Amino acid sequence: MSRNSDKPAGPQVLEADGIRIVFGERQVLGSVYLRVQTGQIVGLLGRNGSGKSVLLQTIFGARAVADASVRVNGRHVVPAFRHPGLLNYLPQEPLFPPSLTLARAARLLGVDIESATARFPELRSQFGSRVGELSGGSARLVQALLLLHADTAFSLFDEPFSGVMPVHVETLAEEMQRLKQHKGLLITDHRYTEVLSICDVVYLLHQGRLLRLDGDVREQLRDYGYLVS
Amino acid sequence: MPILATQLRAVALFYRGVAPFMLGVSALILLAVLLPAIREGWSGGLLPGLLLTKLATAPVVWYLSEQLRPGQYWFYYNLNVSRRRLWTGVVALDGGLFLGAALLMRTVL
């Protein structure tokens with residue numbers, strides 16, 4: 001885990017703006033400014049199709065968008081995934097090749113699988129299993145844990161709690177809280193109760209605009225139609 | 001793990017996913033064209049043409065791979081390896097294996 005050893009000593013700030021995405025005649029993202037700082041968990045909420053995944057993929061650098069600006073401490077980093085130790089991304093779909101064993105996936109990511117899964121002892125017997133042999137929930141949990149423990153300044157998680165059983169969701173949320181000391185997390189998930197309980201900052205994607213919610217977040221979520229009143 | 005070693009392992013892992021098709025094409029060219037040419041004694045100067053033919057099949061593999069496994073790149077992105085670097089590595093590795101096998105056949109047979 002030496003890739004990130006040359007990180008700046010102080011907090012790092014990831015900023016993204018200028019991201020404009022149009023599908024057909026529908027503008028998915030139009031006015032976006034997003035900021036994540038190490039030591040923070042930032043929640044990104046929005047209705048289905050509002051562009052949450054597209055936004056995360058654009059920040060990660062997997063989706064090329066003209067005029068998109070992604071910066072860390074003011075330095076332009078596009079595509080961001082090419083910068084070792086900067087950030088990783090958990091997509092909605094399976095992350096690992098199905099033939100890969102968990103132990104090998106962890107080694108490639110530079111993660112100590114024993115410590116990454118220390119709070120989930122039932123996963124130990126599966127270290128030698130291929131990812132394709134795991135249940136959907138276990139695979140999701142391991143993917144999230146390995147990226148969480150990887151030595152990057154930021155982690156972008158798209159639906160990390162999806163398919164994970166409740167008792168593990170709680171522990172995973174606690175792990176996120178613990179590890180935010182070392183990194184910044186940007187999370188989007190429809191399990192808003194869990195997301196709101198761990199987030200320091202909440203954004204809502206609404207009609208192509210990214211709104212930062214301050215004050216009574218739940219009330220604003222109701223006002224914008226994300227929650228039922 | 002040093003970054004370069006990780007990226008080389010990533011290319012090798014990615015190659016495993018496309019190897020059945022790429023090695024199948026190699027075997028077809030070597031067994032259907034080079035082997036008879038060696039036996040009949042007209043294989044001199046054939047290798048560059050065969051290598052080019054082999055390389056020309058790479059876009060077909062790339063296209064099929066994109067269509068059949070659109071989400072296959074996420075893990076490699078997380079290892080800081082771009083799509084272009086993966087395919088460049090795979091084509092170089094596959095071309096090298098093809099050339100090695102062809103030279104071995106010419107030497108042994």
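**A six-stranded sheet in chain A and its contact with chain B**

Strands S8 and S9 of chain A run parallel and are joined by 4 bridges; strands here are DSSP runs of E with at least two residues, helices are runs of H or I with at least four, and both are numbered from the N terminus. Two strands count as paired if DSSP finds at least two bridges between them. Within this pair, Leu87(A) has Phe154(A) of S9(A) as its bridge partner. The model is a predicted one, in which local features need pLDDT of at least 70 and side-chain atom pairs count only at pLDDT 80 or more, while totals for chains, interfaces and linings use all residues. Residues are numbered from 1 along each chain as its sequence is written, with chains lettered from A and ligands numbered from 1 in the order in which they are written.

On its other side, S9(A) meets S10(A), again in the parallel sense, this time over 5 bridges. Here Asp158(A) stands opposite Thr188(A) in S10(A). To get from S9(A) to S10(A), the chain goes through helix H5 (residues 166–179) of chain A, and this β-α-β crossover is right-handed (with the strands pointing away from the viewer, the path from the first strand over the helix to the second runs clockwise).

S9(A) is largely enclosed by the rest of the structure, because 5 of its 5 residues are buried (20 or more other C-beta atoms within 10 Å of the residue's own, against 12 or fewer for exposed and in between for partly exposed, with C-beta atoms placed from the backbone). In a regular strand the side chains alternate between the two faces of the sheet. Both faces of S9(A) are covered, with Phe154(A), Leu156(A) and Asp158(A) buried on one side and Ser155(A) and Phe157(A) buried on the other.

Next comes the whole sheet. It is open, has 6 strands in the order S8-S9-S10-S5-S11-S12 of chain A, and shows mixed pairing. Its edge strands, S8 (87–90) and S12 (209–213) of chain A, each pair on one side only. Further in, S5(A) (residues 41–46) runs parallel to S10(A) (residues 184–188) and is joined to it by 3 bridges, with Val42(A) opposite Leu186(A).

Then there is the meeting of the two chains. Chain B gives 15 residues to the contact and chain A gives 17 (contact puts the C-beta atoms of two residues, placed from the backbone, within 7 Å). On chain B's side, helix H1 (3–40) and helix H4 (74–77) of chain B are the elements that give two or more residues. The largest share, 6 residues, comes from H1(B).
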